[in-house]
Amino acid sequence: MLTVKSIPAFNDNYIWLIQNTDRHCIVVDPGDASPVLDVLEQEGLTLDAVLVTHHHADHVGGLHALVSKFPRLRVVGPEEEAIAYINVPVQDGDQFELFGEQFLVLGVPGHTRGHVAYVGDGKLFCGDTLFSAGCGRLFEGTPEQMHNSLQKISSLPIETEVFCAHEYTASNVAFALAVEPENPSLREYRDDVNRLRAQSMPTLPSTIEKEKRINPFLRCDLPEVKSAVSGRASGDSDVETFAALRQWKDNF
């Protein structure tokens, strides 16, 4: 069983540190090396590998410093994106082992064209594809691609823990309540999120089960969500509903 802790970076990023029982670790999406190096030193940890989900600077900016300090570092990342220092390129369906656990690579284009996510030990590291109560902006992909990626994620076992790369939950919940103001699970979650953030605590990880109850971007097939975007959507398919939701959120 692996343990995961968050390393805050920038204003709202989380670099995830995955640790095994003998003080070896992996980090996910190190946009900044400094907080990672601080934690490694403070806790006496050895960095074995890095997992990268996509090419944006706030996810890869720390690679140069980490590889310089650990020349044999295993850097796993999307084959379809031009990211310096990746020495284990992966794509959808690939599997690899870390700390005795099998990890599966999911191709999840939408936020970027080659975005990937990693699933292992009942944990999902999804970068900027899925957020709690939200999803990533479509910088490079299409609504259909992102909707398909989210459907792929939502088909994972419901107990899967969801480790997103940003603390966007409070603002995402505000939007989700505009979409589904009568959703009781969402109202309860709002109170939980407000309590956690008032104590400066992370709202993550979430779970697939929770997200299927409260995240409008995973609920595009439901009549109440379709109704909420009826004046904004070009049609009533699930993809058209998703596209209208995403455009609404972009301007919320």
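Q: What makes β7 and strand β8 a pair?
A: Strands pair if DSSP finds at least two bridges between them. β7 and β8 (residues 101-107) have 4 bridges, in the antiparallel sense, so they pass that test. In one of those bridges, Q95 has L104 of β8 as its partner. The names come from DSSP runs numbered from the N terminus, with E runs of at least two residues for strands and H or I runs of at least four for helices. All of this describes a predicted model, where local features need pLDDT of at least 70, side-chain atom pairs count only at pLDDT 80 or more, and totals for chains, interfaces and linings use all residues. Residues are numbered from 1 along each chain as its sequence is written, while side-chain values use heavy atoms and leave out hydrogens and water.

Q: Why do β7 and β14 stand at the edges of their sheet?
A: Look at the order first: β7-β8-β9-β10-β13-β14, an open sheet of 6 strands with mixed pairing. β7 (95-98) and β14 (206-207) each have a single partner strand, so one side of each has no neighbour in the sheet.

Q: Which strands stand at the edges of the sheet with the order β1-β2-β3-β4-β5-β6?
A: Here the edges belong to β1 and β6 (88-90), again because each has a single partner strand. On average, neighbouring strands of this sheet are turned by 25 degrees against each other, direction ignored.

Q: How do you know that strand β3 and strand β4 are joined, and in which sense do they run?
A: There are 5 bridges between β3 (residues 24-28) and β4 (residues 46-51), and the two run parallel. H24, for instance, has T46 as its bridge partner in β4. By contrast, β1 (residues 3-9) and β2 (residues 13-19) are antiparallel, with 7 bridges, and T3 is partnered with Q19 there.

Q: How do you know that α1 packs on this sheet?
A: Contact means heavy atoms within 4.5 Å, and α1 (residues 33-43) touches β1, β2, β3 and β4. The direction of α1 makes about 135 degrees with that of β1.

Q: Why are α4 and α9 called roughly perpendicular?
A: Their axes cross at roughly 105 degrees and come within 9 Å. Axes are lines fitted to C-alpha atoms (for helices, over the stretch in contact), with angles from 0 to 180 degrees between N-to-C directions. Under 35 degrees counts as roughly parallel, over 145 as roughly antiparallel, 65 to 115 as roughly perpendicular, and the rest as oblique. The crossing angle of α4 (residues 143-154) and α9 (residues 238-250) is therefore in the perpendicular range. Where they meet, α4 brings P143, E144, M146, H147 and L150, and α9 brings D238, V239, F242 and A243.

Q: What makes F10 and D29 stand out in phi?
A: Most residues other than glycine have a negative phi. F10, in the hairpin of β1 and β2, has a positive phi near 55 degrees. D29 also has a positive phi, near 55 degrees, and sits in the loop between β3 and α1.

Q: What is the peptide bond from L204 to P205 called, cis or trans?
A: Cis, with omega near 5 degrees. Most peptide bonds are trans. P205 lies in the loop between α6 (184-198) and β14.

Q: How many residues of each class line the largest pocket?
A: The lining divides into 5 nonpolar, 6 polar and 6 charged residues. Ala, Val, Leu, Ile, Met, Phe, Trp, Tyr, Cys and Pro count as nonpolar, Asp, Glu, Lys and Arg as charged, and the others, Gly among them, as polar. The largest share of the lining, 3 residues, comes from α9.
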